[in-house]
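Notebook open, coffee poured. I want to go through the charged pairs and the aromatic rings in this one and jot down what I find.

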Amino acid sequence: MSFLGRGGNAPSGVNAEKIDMAITELDTVTDFFNRMVSSCHAKCISARYAEPDLNKGESVCIDRCVAKFNEVQKKVGEKLQNRGATNAGGTASTFGSL
Amino acid sequence: MSFLGRGGNAPSGVNAEKIDMAITELDTVTDFFNRMVSSCHAKCISARYAEPDLNKGESVCIDRCVAKFNEVQKKVGEKLQNRGATNAGGTASTFGSL
Amino acid sequence: MSFLGRGGNAPSGVNAEKIDMAITELDTVTDFFNRMVSSCHAKCISARYAEPDLNKGESVCIDRCVAKFNEVQKKVGEKLQNRGATNAGGTASTFGSL
Amino acid sequence: MDFSNFSSAEQAHMTKIIEKKQMQDFLRMYSNLVEKCFNTCCNDFTSKALSTKEDLCIMNCTEKFIKHSERIGARFAELNAGSFASRCRA
Amino acid sequence: MDFSNFSSAEQAHMTKIIEKKQMQDFLRMYSNLVEKCFNTCCNDFTSKALSTKEDLCIMNCTEKFIKHSERIGARFAELNAGSFASRCRA
Amino acid sequence: MDFSNFSSAEQAHMTKIIEKKQMQDFLRMYSNLVEKCFNTCCNDFTSKALSTKEDLCIMNCTEKFIKHSERIGARFAELNAGSFASRCRA
């Protein structure tokens with residue numbers, strides 16, 4: 001059975017649970033990517049926009065920014081796992097004891 | 001009948017309308033909670049991150065911040081209700097006269 | 001067939017694809033509108049909130065802001081079309097070669 | 001939005017979806033307004049009650065934001081009168 | 001949230017939806033935390049590795065954010081004890 | 001993303017979902033780009049037309065943002081070559 005209708009009207013032969021999990025993974029990676037684009041833009045790109053190309057300094061900065069953002073993602077992920085901090089996000093947890 | 005497929009492929013014996021309303025309420029509370037976390041973090045937490053614990057001043061600030069944010073939520077809600085301002089948000093209203 | 005369940009449990013006689021496309025268009029216009037409201041608020045509205053009404057300067061600023069935001073939307077849209085830059089957004093593209 | 005090629009069943013279905021979205025838009029506008037006005041007006045956390053000054057600021061901020069949104073909505077509708085908005089009303 | 005008028009089938013359905021949302025909330029909190037702590041702690045891009053100072057900042061930022069969220073959650077639950085939260089637990 | 005244990009029906013279903021998401025990602029990138037470049041480039045509201053200077057800024061901002069996203073995408077793919085990205089291509 002599919003929750004939230006995300007698997008859609010899955011045709012026969014399709015496991016809606018499996019599709020839902022793949023969608024969640026895809027959405028998560030996309031969310032991280034978009035935040036990385038936004039953060040690295042703020043850190044590396046000059047707001048003057050005098051030319052349309054990335055200059056040398058900006059390009060190098062982007063490469064390092066991606067590496068660092070990725071390292072932060074791992075560190076924070078490990079921290080959350082060690083802490084078992086599944087209950088720190090949102091309020092859905094407040095209603096878990098239905 | 002369920003709109004937007006949010007109630008999912010509701011099993012028999014489940015009123016999809018009722019489920020949809022509960023989801024909307026849950027999403028609304030979660031949205032308020034997340035904005036409160038974000039606003040109070042900006043107002044109360046020092047960006048130096050010299051230690052991992054909330055200090056006394058930060059803890060007191062958080063408690064007051066939650067109370068104030070909650071009061072603002074009520075005031076704004078009353079204002080919106082008095083004004084009947086259901087048409088001030090988004091553009092869906094623009095297309096209401098289908 | 002409807003993807004993501006967005007067309008919901010479409011009753012018979014309803015083309016779920018067509019409904020999905022209309023929802024995507026509606027969501028896109030709403031997203032642009034909300035960003036315009038937010039940007040023009042930052043550009044035109046004084047943060048002092050000494051009175052509840054828009055003053056003359058703010059009103060004129062809003063009108064010009066909407067016109068300019070709309071022009072920027074067109075320019076950026078043309079640029080994206082000329083470039084065929086469908087692959088610059090998100091990571092879904094990364095997984096396109098399933 | 002061109003709904004002229006929609007069957008009556010499709011128009012009815014779309015109307016329900018739009019009603020649902022209007023409610024969601026309203027709720028998001030509400031929480032967005034609370035966040036924006038709180039962030040601008042509340043800067044004193046020596047007390048947990050809103051001061052008279054903060055209260056006035058919140059009321060003006062809310063009222064002004066609604067008027068701002070309504071003005072944008074009116075201009076936006078005019079601008080798009082030649083494109084989808086007009087087709088929608090057809 | 002008043003679930004007292006929900007049939008047992010509806011409660012079971014709602015429980016599954018809530019479980020799903022909890023996972024989505026957790027994932028969004030995770031990426032939000034990465035973004036916030038990265039933006040605050042990382043300002044040196046002369047190297048691609050995290051410096052000792054940045055690393056410590058990230059750890060403290062993460063820990064502090066979780067404690068912050070937990071404290072807000074506790075206060076929020078108290079405040080709402082008279083409204084939906086209480087009805088939910090009924 | 002490991003799709004190797006997906007049946008061909010599941011792969012076909014997933015491909016359609018990914019196509020849909022790509023379009024949604026593109027539309028969100030578009031509106032995000034408009035917002036970002038407008039906020040950076042437009043600061044003069046004594047006229048409703050874009051000045052030559054603003055116009056050039058918008059063009060450079062758009063072009064640079066796309067190149068920026070593409071570069072991030074390339075680095076991101078390399079970094080993840082050892083994890084899900086590689087499994088995806090398998």
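**Entry 1: ground rule.** Before I call any side chain anything, I need the cut-offs: buried means under 20% relative accessible area, exposed means over 50%, and partly exposed is in between. I also remind myself that this is a predicted model.

**Entry 2: a pair between A and F.** I looked up A:Asp63 and got 24% relative accessibility, so A:Asp63 counts as partly exposed. Its partner is F:Arg71, and the two side chains meet in a salt bridge at 2.9 Å, N to O. This pair crosses between chains, with F:Arg71 in helix α2 (residues 52-79) of chain F and A:Asp63 in helix α2 (residues 56-83) of chain A. I checked F:Arg71 as well, and at 24% relative accessibility F:Arg71 is partly exposed.

**Entry 3: another A–F contact.** F:Glu10 forms a salt bridge with A:Lys18, and the closest N and O atoms are 2.9 Å apart. F:Glu10 sits in helix α1 (residues 8-41) of chain F and A:Lys18 in helix α1 (residues 16-44) of chain A, so this pair joins two chains. Buried or partly exposed, I wondered about F:Glu10? F:Glu10 turns out to be buried, at a relative accessible area of 4%. A:Lys18 is partly exposed, at 25%.

**Entry 4: one inside chain F.** F:Arg28 and F:Asp25 meet in a salt bridge, 3.1 Å from N to O. Both lie in helix α1 of chain F, three residues apart, which is about one turn of the helix. F:Asp25 is buried, with a relative accessible area of 7%, while F:Arg28 is partly exposed at 34%.

**Entry 5: the wider charge picture.** How many salt bridges does a search of the whole structure find? I get 54 over all chains. I also noted a network of salt bridges that links A:Asp53, C:Lys79, C:Arg83, F:Glu63, F:Lys67 and F:Glu70.

**Entry 6: on to the rings.** The count of aromatic pairs comes to 12 over all chains. I pulled up B:Phe33 and E:Phe76, which make an edge-to-face pair with centres 5.3 Å apart and 65° between the planes. B:Phe33 is in helix α1 (residues 16-44) of chain B and E:Phe76 in helix α2 (residues 52-79) of chain E, so the pair joins two chains. B:Phe33 is buried, with a relative accessible area of 3%, and E:Phe76 counts as buried at 6%.

Next I looked at C:Phe33 and D:Phe76, an edge-to-face pair at 5.3 Å centre to centre and 65° between the planes. This pair also crosses between chains, from helix α1 (residues 16-44) of chain C to helix α2 (residues 52-79) of chain D. C:Phe33 is buried at 3%, and D:Phe76 is buried at 5%.

**Entry 7: a cluster and two lysines.** A:Phe69, E:Phe38 and E:Phe45 form one aromatic cluster. The charged end of A:Lys68 sits over the ring of E:Phe45, 5.4 Å from its centre. I found C:Lys18 with its charged end over the ring of D:Phe6, 5.3 Å from the ring centre.

**Entry 8: record check.** In UniProt, an unreviewed entry places "domain: Tim10-like" at residues 20-82 of chain A. I checked that span in the model: it is 83% helix and 0% strand, and its end C-alpha atoms lie 26 Å apart.

Notes:
Residues numbered from 1 in each chain as written. Chains lettered and ligands numbered in written order. Predicted model: local features only at pLDDT ≥ 70, side-chain atom pairs only at ≥ 80, totals over all residues. Heavy atoms only, no water. UniProt positions renumbered as here; feature names shortened; annotations may be inferred. Helix = DSSP H or I, 4+ residues; strand = E, 2+ residues; numbered from the N terminus. Salt bridge = Lys/Arg side-chain N within 4 Å of Asp/Glu carboxyl O. Buried < 20%, exposed > 50% of the residue type's maximum accessible area, 1.4 Å probe, protein only. Phe/Tyr/Trp six-rings, centres within 6.5 Å; stacked < 30°, edge-to-face > 60°. Lys NZ or Arg CZ within 6 Å of the ring centre and 35° of its normal.
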